[in-house]
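Here is a short tour of one model, best read with the sequence and the coordinates open side by side. Please take a moment to look them over before we begin.

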Amino acid sequence: MKREAWIYFPLAAFFFLATIVYYFFGRVDLQPNIGGQVHQVHPAQIEWAGVFALALSGIMMLMIAFVFWLTGRKMDPRPEDRLDGEVVEGAGDIGFFPPSSIWPFWTAMTAGLIFLGPVFGWWLTFLGVGFGVWALGGWLFQYYRGDYQH
């Protein structure tokens, strides 16, 4: 996991550097055009959306790098973390991968219902929560029934 951490640390540094550069060079001139006439010009206003987007991206990269770094400290070194590691040492089962399932689709559909509720009516949110409990339950317990039960 240490190799993965060293991918994200430079990315975090890049986003923090880009934030500083954008703060100084990403200024916009506001020229309100009302009725076809340019009124009072406000030069060099800071464009805050880009500054915060870059800063939060840097924080996100730093968080990911920090989690990988902490996880790498607690684990035994993997073959790809050691300089003398061989490809053969990484052979074998990697993990458990679930079979195809319809439950993520139904969970996403109910999330869409929930988020459309404030737009079209709160009754749609309540309907989405009801279907969401069903869909999430199906996703959580899919290995306890049918062909894939233990």
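Leaving aside its neighbours within four places in sequence, which residues is Thr125 in contact with?

## Thr125 and its surroundings

This is a predicted model, and in it Thr125 touches Leu113, Ile114, Gly117 and Pro118 once neighbours within four places in sequence are set aside. Thr125 itself belongs to helix α4, which covers residues 122–140.

Is Thr125 buried or exposed? Its relative accessible area is 11%, and because burial here means under 20%, Thr125 counts as buried.

## The overall layout

Stepping back, the protein chain contains four helices and four strands. Followed along the sequence, these elements come in the pattern α-β-β-β-β-α-α-α.

Of the 150 residues in the protein chain, 20% are buried. If you look at contacts between residues at least 6 apart in sequence, 60% of them join residues at least 24 apart.

## Helix α3 and what follows

Helix α3 runs over residues 103–120. Its 18 residues should span 26 Å at 1.5 Å a residue, and the end C-alpha atoms lie 25 Å apart, so the two values agree.

Four names are worth finding on the display: Trp103, Thr107, Thr110 and Gly117 are the buried residues of α3. They pack against α4, and Gly117 is also one of the contacts of Thr125. Just after α3 comes Gly121, with a positive phi near 150°.

## Helix α2 and the nonpolar core

Helix α2 takes in residues 48–74. With 27 residues at 1.5 Å each, the helix should span 39 Å; its end C-alpha atoms are 39 Å apart, so expectation and model agree. Gly50, Val51, Leu54, Gly58, Met61, Ala65 and Gly72 are buried in α2.

Leu54 and Met61 turn up again in the largest nonpolar core, together with Ala12, Phe15 and Ala18. Both α1 (2–25) and α2 supply at least two residues of this core, and the largest share, three residues, comes from α1. In soluble globular proteins, nonpolar side chains tend to be buried together.

## The largest pocket

How much space lies in the largest pocket? The answer is about 160 Å³. Twelve residues line this pocket, and those closest to its centre are Ser101, Trp103, Gly138, Gln142 and Arg145. Trp103 will be familiar, since it is among the buried residues of α3.

By type, the lining of the largest pocket divides into six nonpolar residues, five polar and one charged.

Terms used: Residues numbered from 1 in each chain as written. Predicted model: local features only at pLDDT ≥ 70, side-chain atom pairs only at ≥ 80, totals over all residues. Heavy atoms only, no water. 1 Å grid on protein atoms, 1.4 Å probe; cavity = no way out; pocket = protein on both sides within 12 Å on 5 of 7 lines; lining within 4 Å. Points joined across faces, edges and corners; volume = space filled by probe spheres on them. Nonpolar A, V, L, I, M, F, W, Y, C, P; charged D, E, K, R; others polar. Buried < 20%, exposed > 50% of the residue type's maximum accessible area, 1.4 Å probe, protein only. Contact = heavy atoms within 4.5 Å. Expected span 1.5 Å × (residues − 1). Core = buried A, V, L, I, M, F, W, Y, C linked by side-chain atoms within 4.5 Å.
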